[in-house]
Amino acid sequence: ISNHASVFVGSQELEPGAGWDYSGFLDDLVATPTMTAPQLGSAIVDSYGQFYGTGFDETLSAIDLSRLRWDSPNSLVAALDNLALTVMDTATRFDLAALDGHRDTYGGLYGTNFWWDNPYDYCDIGNVFADVVADSTLSAAVQSAAQGVLDAYSGVAIANYSSTPGYGTGLSIYWADKGFYPNASYNAGELKFAAATHWDEFLNWADS
């Protein structure tokens, strides 16, 4: 339904067993039945944040799906594809080492990350690429492509809640650790994002 829905609501982190605060946002919907999808998505995120408060690792965000489509004027998918191509075409070994260091800062932050089962290599897009852009040791081409990702990422999250400030900015991206090839299910045959972009090629190329 990704081509038909306009807003996606989900968590970057594992959600607590209590789940969403349904009564909170459904009361809002009953009070204002003419809510738009962005308004309802924001209400869900707001009620979730009020329910869980601060100090732990809960996250939830409402995402503008139109910004994830290739034909969007400022498509995040297109920006990530450009980054992957730029790195594969221009990155030096120093660039790759620096990128791997930034990945290591955030990879595995969400969920559980056992040495024998490594499926949780997710990096917060806002945090990891802000670090990349700020890294003056990287080549200008890679920094510019990373800035393009941040520019496209701005406004993708209609609403965002992170119980620990800065822990999650709205969306994560799968970025396998160097030395670990991407999970077998992460390929163009299984996932639309992998099929539409060169991100899966980048993950395999960077590990080769």
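Good morning. In what follows, Ala, Val, Leu, Ile, Met, Phe, Trp, Tyr, Cys and Pro count as nonpolar, Asp, Glu, Lys and Arg as charged, and the others, Gly among them, as polar. Please keep in mind that the structure above is a predicted model.

My subject is enclosed space. Rolling a probe the size of a water molecule over the atoms shows where empty space is left. How many cavities of 30 Å³ or more does the structure hold? There are 2.

Let us begin with the largest cavity, which contains about 150 Å³ of space. Its lining is made up of 13 residues, and those closest to the centre are D100, W175, A176, K178 and A206. Two helices, α4 (93-106) and α8 (199-207), each contribute at least two residues to this lining. As for chemical class, 8 of the lining residues are nonpolar, 5 are charged, and none is polar.

We now turn to the second largest cavity, with about 40 Å³ of space. Which residues line this second cavity? They are L83, A84, V87, L99, F129, W175, W199 and F202. Two or more of the lining residues come from each of α3 (76-90) and α8. Of these helices, α3 gives the largest share, with 3 residues. The lining here consists of 8 nonpolar residues, with no polar and no charged ones.

Finally, I would ask you to set the two linings side by side. W175 is among the residues closest to the centre of the largest cavity, and W175 also lines the second largest. Charged residues, 5 of them, appear in the lining of the largest cavity, whereas the second largest has none. Thank you.

Terms used
Residues are numbered from 1 along each chain as its sequence is written. This is a predicted model: local features need pLDDT of at least 70, side-chain atom pairs count only at pLDDT 80 or more; totals for chains, interfaces and linings use all residues. Side-chain values use heavy atoms; hydrogens and water are left out. On a 1 Å grid over the protein atoms alone, a cavity is a set of points where a 1.4 Å probe fits but cannot get out, and a pocket is an open set with protein on both sides within 12 Å along at least five of seven lines; lining residues have an atom within 4 Å of a point. Grid points are joined across faces, edges and corners, and a volume is the space filled by probe spheres set on the points. Helices (H or I, at least four residues) and strands (E, at least two) are DSSP runs, numbered from the N terminus.
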